[in-house]
Amino acid sequence: MYIRASVVAASLAIAAIAHGAGEGVSFEKKAHDVIAKRCTGCHGEERITAAFSSGKDMRAIQMEMQRRGANLSGSEQEVLGIYWKRPRPKQP
Ligand code: HEC
């Protein structure tokens, strides 16, 4: 039951993202919210931005962080998985 629910949640998230294609800002915000909620308890967001900007394998890092205890739901994993494939932010 639980697994089924998270699969539905994940596909809803994908549908929402597909629907919002071309609306990059709101997706950006969504990914940002996930990071703020799930990733910044142990270290600052600048650490994540730095790794992302410098071309590290963020999918691998995300898996490593989940192993360390980052508690991402299925749809949050999807959001970040797509976010890491988007153009990387430029370092100031
Ligand atoms: C349970 C604590 C914890 C959570 C939650 C967590 N991290 Fe981390 N993260 C760490 C620790 C500890 C390190 C330092 C590892 C090291 O210095 O080798 C780290 C390091 C990193 C790094 C630097 C790795 C590198 O190679 O430069 C990135 C990027 C990162 N985390 C991203 C994330 C993301 C994205 C999330 C959310 C999905 C997240 N972290 C959630 C504990 C956490």
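Of the 92 residues that make up the chain in this predicted model, 10% count as buried. The chain holds 5 helices and 0 strands, and reading from the N terminus on, its elements follow one another in the order α-α-α-α-α. Among the contacts that link residues at least 6 apart in sequence, 76% join residues at least 24 apart.

One residue that can be followed through this arrangement is Val34, which has its place in helix α2, the helix of residues 24-38. Is Val34 buried or exposed? Because 20 C-beta neighbours lie inside 10 Å of Val34, and a residue is buried if there are 20 or more, Val34 counts as buried. When residues up to four places away in sequence are not counted, Val34 touches Glu76, Val79 and Leu80. Of these partners, Glu76 stands 42 residues apart from Val34 along the chain, yet the C-alpha atoms of Val34 and Glu76 are separated by 6.4 Å.

The ligand gives a second place from which to look at the structure. There are 16 residues around the ligand, and those that come nearest are Cys39, Cys42, Ala51, Met65 and Gly69. Which elements give two or more residues to the shell around the ligand? They are helix α3, residues 45-53, and helix α4, residues 58-68, and the largest share of the shell, 4 residues, comes from α4. Sorted by class, the shell around the ligand has 8 nonpolar residues, together with 4 polar and 4 charged ones.

Definitions and conventions. Residues are numbered from 1 along each chain as its sequence is written. This is a predicted model: local features need pLDDT of at least 70, side-chain atom pairs count only at pLDDT 80 or more; totals for chains, interfaces and linings use all residues. A residue is near a molecule or strand if its C-beta atom, placed from the backbone, lies within 6 Å of it. Ala, Val, Leu, Ile, Met, Phe, Trp, Tyr, Cys and Pro count as nonpolar, Asp, Glu, Lys and Arg as charged, and the others, Gly among them, as polar. A residue is buried if 20 or more other C-beta atoms lie within 10 Å of its own, exposed if 12 or fewer, and partly exposed in between; C-beta atoms are placed from the backbone. Two residues are in contact if their C-beta atoms, placed from the backbone, lie within 7 Å.
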